[in-house]
Amino acid sequence: MAVRFTLVRALSAGFLGFGLMGAVSNADNWKKHVIHEGVRTLTAVAGDFTGDGRVDVIADGGKQTRLFVAPDWDLVVIDDHPEISHYIHSELFDVDNDGDLDYIGARYNPGLIVWLENPGGYHGSAKKERGSWKRRIADDRVHGIHGLIRGDVDGDGQMDLLATSAQAKPPHAESLAWLRIPDEPRSDSMWDLFPFAVGDAPGLTHYLGVGDVDGDGRLDAATGAKGGPTATSKGEWFAWWKSDPSAKGRWVKQMISDQEPGATNIHPVQVNGDGVMDFIASRGHGNGVVWFEGPNWERREIDSTIKEPHCLVAIDLDLDGDVDAATCAFGDQEAVWYENDGEGKFTRHQIAENQESYDLRACDLDGDGDLDLLVAGRDSNNVVWFENPVLP
């Protein structure tokens, strides 16, 4: 089975403004599946970690990292970390090129990025010794790591990692950086670090989006900064950074909008089929989901009133060839998806009520060929997934 997943690292109610066509409540019958309950969870990722062709889930569980093995979600504690209260965000890819998926987790402050080496050898069984995934430090030099995202930054065919450094704390205050895996990742040496937004990402940045925004063949990056009373610098903006030709130098900041209170999530995608890159974004510490039409970044409202849509995915959920969006808002405690008509007009569909979230991923959890939604329920104290009804 081909495993499809995205980070991408997600978007709900009322009069929705320009760009949204009507509202549909519970029209789609997304079925809720509970993976685990009873633990505050900030981040969860999905992939075939055991090599049996099924999509498993790894989730932060307070002072533990937990693997839930499909199809019955058998619980395996893969790492105990009493000195780390929780990981705020996570990623997954094959760090050591041994053919299986490894796990990457980030602590917010003081900053810490770790990777857990998949021991392999599951052969379809969830039985493994507790803590058998070896933990190694990838970085402890960036502080305020709220967002991680993977991508091949330097074009060498190997996956790299991008991270926010949101705190006004040296050595890389209010910056963004990317990390390259060393030649011998099991050597316990930290990863090569390349700050690219050097001191020009103030105001408490959150999640990252990546893509070739300007069509030059190189991976660019975008983020949002929430601002507000806890920020020591001005935030409330969305921006993207044009990558340096060598990838290792300073990238050039391009402001998208500086009037975005609570800005958190942004992804470069083509919304309206004109061949020009756009952005879909959410204000997860404020209200609203929007898209910015390229090349001049004119704001188009998708949902102006949804409260605290702290997570966002932007991907084709109904398999009609255009990019849709979805969120689970912790303010409204509601999961919704927005259906794109291909021209940038969105119809709102409710997925579920009474579900809070911090992190949202799109992934084919049941192997039927469409993308489901995996939710890390922070104050709902659960990990759940919603089954996409597009394909039976």
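In the predicted model, D379 is partly exposed, its relative accessible area being 46%. The side chain of D379 forms a salt bridge with R40, and the closest N and O atoms of this pair are separated by 2.5 Å. R40 is located in the loop between β3 (31–37) and β4 (44–47), whereas D379 is located in the loop between β29 (372–377) and β30 (382–387); the contact therefore ties together parts of the chain that lie 339 residues apart in sequence. Like its partner, R40 falls in the partly exposed class, with a relative accessible area of 43%. The R40–D379 pair belongs to a total of 23 salt bridges in the structure. In general terms, side chains of opposite charge can pair when their charged atoms come close.

A further group of charged contacts involves R186. A salt bridge joins R186 to D96, with 3.1 Å between the closest N and O atoms. The two residues belong to distant parts of the chain, 90 residues apart: D96 sits in the loop between β8 (89–93) and β9 (102–107), and R186 in the loop between β14 (175–180) and β15 (192–197). D96 has a relative accessibility of 9% and is therefore classed as buried, the limit for this class being under 20%. R186, by contrast, counts as partly exposed at 41% relative accessibility. R186 also forms a salt bridge with D98, for which the closest N and O atoms are 3.7 Å apart. This second pair again links distant parts of the chain, from the loop between β8 and β9 for D98 to the loop between β14 and β15 for R186, at a separation of 88 residues. D98 is partly exposed, with 35% relative accessibility. Both contacts of R186 are part of a network of salt bridges that links D96, D98, E117, R136 and R186.

Aromatic contacts were examined next. Nine aromatic pairs are found in a search of the whole structure. One of them is formed by W30 and W337, in a tilted arrangement with 6.5 Å from centre to centre and an angle of 50° between the planes. W30 occupies the loop between β2 (20–24) and β3, and W337 occupies strand β26 (residues 334–340), so this pair ties together parts of the chain that are 307 residues apart in sequence. W30 is buried, with a relative accessible area of 7%, and W337 is likewise buried, at 4% relative accessibility.

At the level of the whole chain, the secondary structure consists of 30 strands and zero helices. The radius of gyration is 19 Å, in agreement with the value near 21 Å that a compact globule of 392 residues would have. The C-alpha trace spans about 55 × 50 × 40 Å along the principal axes of the chain. Of the 392 residues, 60% are buried. The exposed area of the chain amounts to about 14100 Å², of which carbon and sulfur atoms supply 47%. The chain carries 35 positive and 66 negative charges, and the mean positions of these two sets lie 6 Å apart.

Several local features of the backbone were also identified. The peptide bond from A70 to P71 is cis, with omega near 5°, and P71 is placed in the loop between β6 (64–69) and β7 (74–80). Another cis peptide bond connects P170 and P171, with omega about 10°; P171 lies in the loop between β13 (160–165) and β14. The loop between β13 and β14 also contains E174. Although not a glycine, E174 has a positive phi, near 50°, and this residue counts as buried at 12% relative accessibility. N354 is a further non-glycine residue with positive phi, here about 60°. N354 is found in the loop between β27 (346–353) and β28 (359–363) and counts as exposed, with a relative accessibility of 64%.

Finally, K253 is situated in strand β19 (residues 252–257) and is partly exposed, with a relative accessible area of 28%. The C-alpha atoms of K253 and A239 are 6.9 Å apart in space, for a sequence separation of 14 residues.

Terms used:
Residues are numbered from 1 along each chain as its sequence is written. This is a predicted model: local features need pLDDT of at least 70, side-chain atom pairs count only at pLDDT 80 or more; totals for chains, interfaces and linings use all residues. Side-chain values use heavy atoms; hydrogens and water are left out. Helices (H or I, at least four residues) and strands (E, at least two) are DSSP runs, numbered from the N terminus. The radius of gyration is taken over C-alpha atoms; the globule rule is 2.2 Å times the number of residues to the power 0.38. Buried means under 20% relative accessible area, exposed over 50%, partly exposed in between (1.4 Å probe, protein chains only). Accessible areas come from the Shrake-Rupley method with a 1.4 Å probe; for residues, only the protein chains shown count as cover. Lys and Arg count as positive and Asp and Glu as negative; His and the chain ends are not counted. The place of a charge is taken as NZ of Lys, CZ of Arg, CG of Asp or CD of Glu. A salt bridge is a side-chain nitrogen of Lys or Arg within 4 Å of a carboxyl oxygen of Asp or Glu. Rings of Phe, Tyr and Trp (its six-membered ring) pair if their centres lie within 6.5 Å; planes under 30 degrees apart count as stacked, over 60 as edge-to-face and the rest as tilted.
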